[in-house]
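These are my notebook entries on what I looked up in this structure, set down in the order in which I went through it.

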Amino acid sequence: MIAKIVIVIILAVLALMIIVNNIRIVPQANAFVIERLGAYSQTWQVGLHFKIPFIDKVSRKVSLKEHVIDFPPQPVITKDNVTIEIDTVVYFQITDPKLYAYGVENPMAAIENLTATTLRNIIGELELDGTLTSREVINSKIRIVLDEATDAWGIKINRVEVKNIIPPKDIQMAMEKQMRAERERREAILRAEGEKKSAILIAEGNKEAVILEAEARKEAQIKSAEGEAQAILMVQKATADGLRMLADADATKEVLTLKSIEAFEKAADGNATKIIIPSEIQGIAGLASSITEIVKSE
């Protein structure tokens, strides 16, 4: 009786272990490919699943995350017979776990070989200079070819990047010399343009200085002429005002003659050595002298 109880307990423990071992939890961004009796049965997605003991088997656990493969540099020959090495990086994602499990024996090796052959075909149509300046074109062509070929493997090629393009040593040295010469040429051109602009600015400055100086002299002459004209106008106006006042005062001929003598006296100003007096006022001059003597005597 006790032996039967022990056997039952053992069988219960074994059954529990079998049940526990056949419970599977699929994590996020993963998928399990299940085979039943050696044939594909189903694909488990995220969640809790139960496997039939001894009948079902997890054939492959597939990660649905984006994968990145950095392939080693591949030697390729350009159209102008230059051997270069190109290092590529492929970004892909598994979209169908079943095709990925049964489509190709070694998907990573298949992608690497396909990338290498596609790269040789594309570079073989380009010269070295075109290869160095056409990375985007190369990336796009490789991605299109790989994406079409890997559809049957359940793989989606998201992106292909040419990481490095390594020319031969002698070509690298020649390119460096060419780049150095180009930089020196650009430097010489920039220096010459700077000197040219400097000379132009100096010439324009000198020109503006000469123009300003000429304009200043012109302005000074205009101001001087205006001053002289203003002075003449003022003298003429004063003379006219004096004559008008004499006329308004009804001055006699003798007074006018005396005024004329005073004008001659001012004109001489002590500097003239000879003054010619008109005959009309010579008689009046004697009269003026007599009047002057009478005034002194008084």
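Sheet. I looked up the strand order in this predicted model and found an open sheet of three strands, ordered β3-β2-β5 and paired antiparallel. Because β3 (39–44) and β5 (56–63) each have a single partner strand, they stand at the edges, and one side of each is left without a neighbour in the sheet. For the turn between neighbouring strands of this sheet I noted 25° on average, with direction ignored.

Pairing of β2 and β3. I then followed strand β2, residues 30–36, which runs antiparallel to β3 and is joined to it by five bridges; in one of the positions I checked, Phe32 has Trp44 of β3 as its bridge partner.

Rings. My search for aromatic pairs returned one, namely Tyr40 with Tyr102, in an edge-to-face arrangement with 6.0 Å centre to centre and 80° between the planes. The pair links distant parts of the chain, since Tyr40 belongs to strand β3 and Tyr102 to helix α2 (residues 97–102), 62 residues apart. I recorded Tyr40 as partly exposed at a relative accessible area of 31%, and Tyr102 as partly exposed at 39%. I also looked for charges over rings and noted Arg159, which lies over the face of Tyr91 at 4.1 Å from the ring centre.

Gln74. Is this residue of strand β7 (residues 74–77) buried or exposed? I entered Gln74 as buried, because its relative accessibility is 13% and the cut-off for buried is under 20%. Leaving aside neighbours within four places in sequence, I listed its contacts as Ile84, Glu85, Ile86, Glu112, Ala116, Leu119 and Arg120.

Methods
Residues numbered from 1 in each chain as written. Predicted model: local features only at pLDDT ≥ 70, side-chain atom pairs only at ≥ 80, totals over all residues. Heavy atoms only, no water. Pairing = 2+ DSSP bridges. Helix = DSSP H or I, 4+ residues; strand = E, 2+ residues; numbered from the N terminus. Axes fitted to C-alpha atoms, helices over the stretch in contact; angles between N-to-C directions. Buried < 20%, exposed > 50% of the residue type's maximum accessible area, 1.4 Å probe, protein only. Contact = heavy atoms within 4.5 Å. Phe/Tyr/Trp six-rings, centres within 6.5 Å; stacked < 30°, edge-to-face > 60°. Lys NZ or Arg CZ within 6 Å of the ring centre and 35° of its normal.
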